[in-house]
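Work through the exercises below with the model open. Each task is followed by a stepwise solution.

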Amino acid sequence: MEKSTIVCRCEEINIDEIEIAIKNGAQEFDDIKRLTRCGMGTCQSKICMNLVRKIISEKLNKPLGEIAPSKMRMPLKVTRLSALTKNIDLCIEEKATLEEGEQTSV
Amino acid sequence: MVKIKTDILIIGSGPAGLNAAYTAASHGANVIIVDEAITIGGQLKQQTQILNNLPGEFNSQRGFSLVDDFYERLKSLPITFLLRHTMIGIYKNNSIGVTNGKETFPITYKKLIIATGAAEEATIFPGWTLPGVMTIGAAQILLNREHVLPGNEAIILGFNEFSLEVGKQLESCGVNIKAIVAKGNYDVELFHEAKNVGIRVVSNATIISATGVNEVEKVVLNIDGIEEEHMVDLVCIGNRLSPILEAFEILSCQLAYQEDLGGLFPKYYNSLETTNTSVYVAGNAAGITNIGGILITGEIAAWNALYSLELLEYSQFKNRSRALWEQLYRIEESQVFKARIAAIKETYKDESLALPPFVELLLEEC
Amino acid sequence: MHINEHPIMNNHFNKDITFTYQGQTFIAREGQTLAAALFANGIKKLGVSRKFHKPRGLFCANGRCTSCFVTVNGLDHVLSCMTLVEEGMVIEANNSDPTVRSGQN
């Protein structure tokens, strides 16, 4: 396939950029993300995660099951700041501020 | 703002979530279902094919009518539907953060059942980002839920039961399917089925590119080494499904991998409880299966949640659980069931727990 | 194009409504999503990508891929596949990032 083919629709990262990141030592999705912005757009890697994992698996000759998925971060879907801050007082009062979960491992 | 509390919170109102809700609410639990969609039913809403492998208590029927069935079953039960509400995260005290687009609020639960279903995997090729290139599921939504023609001249990428089914549905509404592109070897039976309805399947074929100015206008295929051009206004990507994981990841549920379950999925026990206590998984999120498997896993998760809430007698719970697992064994494709049982065994092993004799029995059976 | 006679399903849309897209008036059916209403009127390109300004439109139809963003009544980045069309809606293409608001609202 042409190396200029887009993999991440949102940030418009192509195969070539991902392969270069792998050559530079990337081994899992989040390495690619940090090096290229792949998966950092509005969909937050929902579409490209498994596409990228497959490329890594093929390039590094590692089973797909061993390639860690992207670390999901809140909010899980596109959310307006106004919707997030509307009840902020109540959330502080309950000491229930949004906080990230522990690292997910495969 | 009201502080919302419930016995059982269900994320997703597809068949698994609805069946879990029905089971839970008809045994005395308070239930809230959260779904970001406008109406209940998940992907059932646009399924016009007849669903055959349904559990005994359901009549064989089309997907969209099964949604109506559920609506009738559920309307008199103590269930709160929060439609157009999206789970976007968790709070420090483990409440689920839900937004309706205007505000965000916590929902506190005793048991959480996540039935977020599956997503269609993409296939990449030059031009796949063009308007007019969409997943086969998206084309089916336009056709059957929205009653909008997704195109006039179409190519379908990927040859499987679902892509052929939607291909037939598209044709019945007047879309010309120029070809279904099969990568390598394909199911002979499926090929004959396509032939019988006059849909061309090209094997050993790939797409080279899709091109167009503002939307897709042309695709070039490579069919067994020979290039073929087609003028099209619709390209459907009919790839496999994989479980939707975001909710599990944010809840720190550990993940596992099984090719036959659709790739990565949350680890679970035979209770369908994940490695995060009180968080259960049901439906395609617990591994890609058929509609029967989706419905039954919804019920299994609900029975286990009910039992741990002490809303069921042990004997009642035990008998029904066993019956459900046996039903699942019969209704699911054997390789999916095997992969599921193997995955459950792994979970027990990883947590250094003894495998319940019942699961061992199931293992032996398959 | 709207399907008038679906081969299997009854017509569950009973009312036509009007909306505008890029200043032009179109007809949709009440109960349709914005993405479907636009598609029915032959509008597939709903905006452009952020970096290379390439055309984007409906892809997953399930609120996941975010390729179908449009601006609705001035509110940018609305998922057209998850939002119902309403009478008199003013829809515009998603052709750029929003300008930073002044903070008065």
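**Exercise 1.** In what order do the elements of chain C run from the N terminus on?

*Solution.* Note that this model is predicted. Start with the inventory: chain C holds seven strands and one helix. Then read along the chain from the N terminus: the order is β-β-α-β-β-β-β-β.

**Exercise 2.** Describe the extent, burial and contacts of chain C.

*Solution.* Step one, extent. Along the principal axes, the C-alpha atoms of chain C fill a box of roughly 50 × 30 × 25 Å. Step two, burial. Chain C has 105 residues, and 53% of them are buried. Buried here means under 20% relative accessible area. Step three, contacts. Take the contacts in chain C between residues at least 6 apart in sequence; 43% of these join residues at least 24 apart.

**Exercise 3.** Characterise the surface and charges of chain C.

*Solution.* First, the area: chain C has an accessible surface of about 5300 Å². Carbon and sulfur atoms account for 48% of that surface. Next, count charges: chain C carries 10 positive and 8 negative side chains. Finally, locate them: the centres of the two sets are 14 Å apart.

**Exercise 4.** Which residues form a negative surface patch with B:Glu161, and is B:Glu161 buried or exposed?

*Solution.* List the members first. B:Asp187, B:Glu189 and B:Glu333 join B:Glu161 in the patch. Place B:Glu161 next: this residue belongs to helix α4 of chain B, residues 161-172. Now check accessibility. The relative accessible area of B:Glu161 is 64%. The cut-off for exposed is over 50%, so B:Glu161 counts as exposed.

Conventions: Residues are numbered from 1 along each chain as its sequence is written. Chains are lettered from A and ligands numbered from 1 in the order in which they are written. This is a predicted model: local features need pLDDT of at least 70, side-chain atom pairs count only at pLDDT 80 or more; totals for chains, interfaces and linings use all residues. Side-chain values use heavy atoms; hydrogens and water are left out. Patches are made of residues with over 30% relative accessible area and no salt bridge: like charges are joined within 9 Å, nonpolar side chains (Val, Leu, Ile, Met, Phe, Trp, Tyr) within 5 Å. Accessible areas come from the Shrake-Rupley method with a 1.4 Å probe; for residues, only the protein chains shown count as cover. A salt bridge is a side-chain nitrogen of Lys or Arg within 4 Å of a carboxyl oxygen of Asp or Glu. Lys and Arg count as positive and Asp and Glu as negative; His and the chain ends are not counted. The place of a charge is taken as NZ of Lys, CZ of Arg, CG of Asp or CD of Glu. Helices (H or I, at least four residues) and strands (E, at least two) are DSSP runs, numbered from the N terminus. Buried means under 20% relative accessible area, exposed over 50%, partly exposed in between (1.4 Å probe, protein chains only). Contact means heavy atoms within 4.5 Å.
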